[in-house]
Every structure is written in C-alpha cells, then in structure tokens.
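Colleague: I would love a close look at one part of this fold with you. Could you take me through the strand pairing, and then carry on to whatever else catches your eye?

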Amino acid sequence: MADVPKANDPCWCGSGKKFKRCHKNASTAIRPGRVSPLRPVPDTIAKPTWADGGTVERWDEPRVKSPDIIERMRRTGREAADTLAALGQLIQPGITTEEIDAACHQMAIERNSYPSPLEYPGMVDPFPKSVCSSVNEVICHGIPDDRPLVDGDIINLDVTLFKEGVHGDTNATFFVGDVDELSQRLVRVTRESLERGIEAARPGRPLNEIGRAIQEHAEAAGFGVVRDFVGHGIGQQFHTDLQICHYYHPRQTDIIEPGMTFTIEPMITAGSWKVRLWDDGWTAVTADGSRTAQFEHTLVITDDGADILTTPSDTSIHPYWSLAATPA
Ligand code: MF3
Ligand code: CO
Ligand code: CO
C-alpha cells in the first residue's frame, strides 16, 4: 500500500473500520516523551569525531577493505550484536526506552566501545542517546524517553558501537508480551526480507539485486518498503557515500566486489511506506500510523556471498536467528 488511506478508506490494520474511525488519530499513537540529560563517556574510550560536540568528518574511504580492517569490523560487529541481544532480554511491559538506553550506554562502556549514535549530528539537534528505540509506527531513529513499553508493542533497537577505529551497526525488532497476528507476520516477513537481501549480496552482481529481492518478498506479503532510509557503506566511518536501497533502483548498477562492507537494513510497513518526521528532526513515523519493523546487519562480501559481521556469540537469544519462519 503506497498511499496513505483517505478518511473514509478502510484502515490498513484490517479491522474493516474506516481509517478516520480507526488508526487515523489513534489514542495509542506514539508521542514525544521526556528525554533525560546526556550521559558522559569516559575519556579512556576512543571516540568518533562527533563526540563531545564535534562534527562528522568525511573522507574517501575505500569501498573494499583491507583484511586488517575486516577483522577489526568482525570483532566490533560481534560486540554490537552481543549488546543488542543482551538488550533484547530486558524487554518486557513496563520498562522504559530510557532504561534500555542506560543499559546500552553502560554495556558499550564495559566493552570499551563508544555508542556511535550518541551526539551524532542531525538536521535539528545531535542524537541525544546511545541507542535508537523505535516503537510500533516509529520507523527508525526513535529517541529513548520515559514511555514504558506496553503489552502488545513491537520495538526496534538499533545498536552501533565504535571500537578499534571501526563501527558495527545492527538492529532487530522485538515483541513486547503478546503481540497481534498482523505485527507478528510483519516482523517475520521483515526478518525474511533481510535474509533475501543478504542472499542477493554476491560478488559480480549489481547492487540493485539486493533491493529487488527485498521488495519482492515484502510486497508479496502485502507490505510496504520504506524509500527514505537506506543501507550504507560502513567501516572507519559510520556512513560512507555507498547507498543500498531496499527497493529496486534501476540506476544502482555498481558491481558488488569481495571485501566491500555495507549494511542492509530494510524498514517494512503494514500500510503505506510514506514517512513523516517529527519536529525533533530524528523520529521517523509512518504517515498512516501503520506499524513498521526493521532488521539490520553489517556485512562483508566474500568470494561467493556475504558474511554477517554482526553475528552474536549466542544466536539462541537473538530474534534474527531464533524467530520461526512464516508458516506457508
Ligand atoms: N544505526 C542507524 C543506521 O542504521 C543510524 C542511526 S544515526 C543516529 O544507520 F544518530 F540516529 F543514531
Ligand atoms: Co545502518
Ligand atoms: Co543501525
């Protein structure tokens, strides 16, 4: 569903009610909460340039990384994945996203890592927290605040750590208590869409095969693919100029090469893929209030496919590996 429903159209949620009588101005919509003060990072931890009020420095980083950089990214990627899995275990009704952020901040420091989102410059203000927490209709870049999670919510946590001079970027969507069937299907199809994208990431193929695979899978399930946010090259920089669309982009024909590192991070919606940005300059929500899910990995291209650099030590507690496939 590309377009936002008109007031008298049926709601995206399948209730059969008119949009205006259902989710148009739902009282359950996520609203801006209270954001606590900035948490410091000790000076013993190596920081990216934007820490402590700095700016993002961009330079022409090679798309194909050296074996040394790849090994550093594998180690940092694992730290990020282990942090994400540990945060997932805290999720239950009643915990606030602020408390999840405090745990992420603490875990990053214990791992001698800088939480990359912290103070990352944006269109209005720098990102004020150490993890992005995106609940229900929030697509991405949600700011942790004092809202307690509610039974039935879905929440994406996006963890990026900086250690050994490189970034590891990964996210997953988690269930809070008992979640409705549509949301369960949305989360499973989103996870599968990332898997399809990873399968399409092979040397010698054009980059746009990744988006083609993701879009086919998500749209076959009746879901939308967000256009406004893309995967990205990553390494010594958090985001390089390389962009990975999650939909088929005819002009994105650069050939995938062994040693390239980038993220794939599809955002899939139950309704329209159109985005609305809050005044905070960060929080991106679906224009129709439909729920949305995301999974992300940092990858390195090998001689015959792609390796996931953000693989946790224990896959059994991570939803990317432990979520059951959608029943046929
Ligand atoms: N981790 C996000 C990504 O996947 C970027 C977050 S930028 C932040 O690219 F500043 F919001 F943290
Ligand atoms: Co990313
Ligand atoms: Co991310």
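In what sense do strand 9 and strand 14 pair, and over how many bridges?

Modeller: Happy to! Please keep in mind that this is a predicted model. Strand 9, residues 261-264, and strand 14, residues 297-301, pair in the antiparallel sense, and 4 bridges hold the pairing. To find your place in the pair, look for T263, whose bridge partner in strand 14 is T298.

Now look at where the side chains go. From strand 9, T261 and T263 point one way while F262 and I264 point the other way, and all of these are buried. Strand 14 also has two faces: H297, L299 and I301 point one way, T298 and V300 the other, and again all are buried. Strand 14 is therefore mostly covered, because 5 of its 5 residues are buried, that is, under 20% relative accessible area.

Strand 14 has a further partner in strand 15, residues 306-308. These two strands run antiparallel and are joined by 3 bridges. Here V300 is a handy marker, since it stands opposite D307 of strand 15. The connection is a hairpin, with 4 residues between strand 14 and strand 15. So T298 of strand 14 is the bridge partner of T263, and V300 of strand 14 stands opposite D307; both T298 and V300 are among the buried residues that point the other way from H297, L299 and I301.

For another piece of pairing, go to strand 4, residues 154-163. Strand 4 is largely enclosed by the rest of the structure, because 9 of its 10 residues are buried. Several strands pair with strand 4, and I will take them by their numbers. Strand 1, residues 114-115, pairs with strand 4 in the antiparallel sense over 2 bridges, and Y114 has F162 as its bridge partner there. Strand 2, residues 132-135, is also antiparallel to strand 4, with 4 bridges; in this pairing V135 is matched with I155. Strand 5, residues 166-175, runs antiparallel to strand 4 too, and 10 bridges join them. A good place to see this last pairing is L161, which stands opposite G168 in strand 5. Strand 4 and strand 5 form a hairpin with 2 residues between them. In that turn, E164 has a positive phi of about 55°.

One residue elsewhere deserves a stop: T286, in strand 12, residues 284-286. T286 is buried, as its relative accessible area is 2% and the cut-off is under 20%. Leaving aside residues up to four places away in sequence, T286 touches E137, I139, T269, S272, K274 and T292.

Let me finish with a pair of helices. Helix 3, residues 181-200, packs against helix 4, residues 208-220, at an angle of about 150°, and their axes are 8 Å apart. Helix 3 and helix 4 are therefore roughly antiparallel to each other, since angles over 145 degrees count that way. The crossing of helix 3 past helix 4 is right-handed. On the helix 3 side, V189, E192, S193, R196, G197 and A200 make the contact, and on the helix 4 side E209, I210, A213, I214, H217 and A218 do. Sorted by class, this contact has 6 nonpolar, 3 polar and 3 charged residues.

Methods
Residues are numbered from 1 along each chain as its sequence is written. Chains are lettered from A and ligands numbered from 1 in the order in which they are written. This is a predicted model: local features need pLDDT of at least 70, side-chain atom pairs count only at pLDDT 80 or more; totals for chains, interfaces and linings use all residues. Side-chain values use heavy atoms; hydrogens and water are left out. Axes are lines fitted to C-alpha atoms, for helices over the stretch in contact, and angles run from 0 to 180 degrees between N-to-C directions. Angles under 35 degrees count as roughly parallel, over 145 as roughly antiparallel, 65 to 115 as roughly perpendicular and the rest as oblique. A crossing is left-handed if the near helix is turned anticlockwise from the far one by less than a right angle, and right-handed if clockwise. Contact means heavy atoms within 4.5 Å. Ala, Val, Leu, Ile, Met, Phe, Trp, Tyr, Cys and Pro count as nonpolar, Asp, Glu, Lys and Arg as charged, and the others, Gly among them, as polar. Buried means under 20% relative accessible area, exposed over 50%, partly exposed in between (1.4 Å probe, protein chains only). Two strands pair if DSSP finds at least two bridges between them.
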